[in-house]
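Work through the exercises below with the sequence and the 3D view at hand. Each task is followed by a solution in steps.

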Amino acid sequence: MERVQHITRSAIRRASVIEVNPQTKRNLQELFINFSLILICLLLIYIIVLLL
C-alpha cells in the first residue's frame, strides 16, 4: 500500500513538473525580451546623448 502511494506521489510530482516547465520557459522568454528591450532603449538614449 505504501509503495503504491509512493508511486502515485512521484507520478503526480513528475506531472506537475512537466506542466510547470513550459510556463517557466515562457516567463523566462518574456523576461529576456523585456530585458533586451530595456537594453536597446538605454543604448539608444546613450547614442542620442553622445550625438547631442
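**Exercise 1. Surface**

What does the accessible surface of the chain come to, and what percentage of it belongs to carbon and sulfur atoms?

Solution. The model is a predicted one. Step 1: the accessible surface of its chain totals about 5400 Å². Step 2: carbon and sulfur atoms hold 70% of that surface. Step 3: of the 52 residues, 0% count as buried.

**Exercise 2. Overall form**

Find the secondary structure elements, then decide whether the chain is more spread out than a compact globule or not.

Solution. Step 1: the chain has 1 helix and 0 strands. Step 2: the radius of gyration is 22 Å, while the globule rule gives 10 Å for 52 residues. Step 3: the value for the chain is well over that of the rule, so the chain is more spread out than a compact globule. Step 4: the spans of the C-alpha trace along its principal axes are about 75 × 10 × 5 Å. Step 5: as a check with one residue pair, Arg3 and Tyr46 lie 43 residues apart in sequence, and their C-alpha atoms are 62 Å apart.

**Exercise 3. An annotated segment**

Describe the part of the chain that UniProt annotates as "transmembrane region".

Solution. Step 1: the annotation comes from an unreviewed UniProt entry and covers residues 31–51. Step 2: in the model, this stretch is 100% helix and 0% strand. Step 3: its end C-alpha atoms are 30 Å apart.

**Exercise 4. Three residues of the helix**

Classify Ile33, Ile47 and Tyr46 as buried, partly exposed or exposed.

Solution. Step 1: Ile33 sits in helix α1, which runs over residues 2–51; Tyr46 and Ile47 are in helix α1 as well. Step 2: exposed means over 50% relative accessible area, and buried means under 20%. Step 3: Tyr46 has 53%, so Tyr46 is exposed. Step 4: Ile33, at 47%, is partly exposed, and so is Ile47, at 43%.

**Exercise 5. A nonpolar patch**

Which residues make the nonpolar surface patch of about 640 Å²?

Solution. Step 1: start from Ile33, which is one of its members. Step 2: add Leu37, Ile40, Leu44, Ile48 and Leu52 to complete the patch. Step 3: for a distance along the helix, take Leu37 and Ile47, 10 residues apart along the chain, whose C-alpha atoms are separated by 15 Å.

Key
Residues numbered from 1 in each chain as written. Predicted model: local features only at pLDDT ≥ 70, side-chain atom pairs only at ≥ 80, totals over all residues. Heavy atoms only, no water. Patch = residues over 30% accessible without salt bridge, like charges linked within 9 Å, V, L, I, M, F, W, Y side chains within 5 Å. Areas by Shrake-Rupley, 256 points an atom, 1.4 Å probe, with all protein chains shown as cover. Salt bridge = Lys/Arg side-chain N within 4 Å of Asp/Glu carboxyl O. Helix = DSSP H or I, 4+ residues; strand = E, 2+ residues; numbered from the N terminus. Buried < 20%, exposed > 50% of the residue type's maximum accessible area, 1.4 Å probe, protein only. Rg over C-alpha atoms; globule rule 2.2 N^0.38 Å. UniProt positions renumbered as here; feature names shortened; annotations may be inferred.
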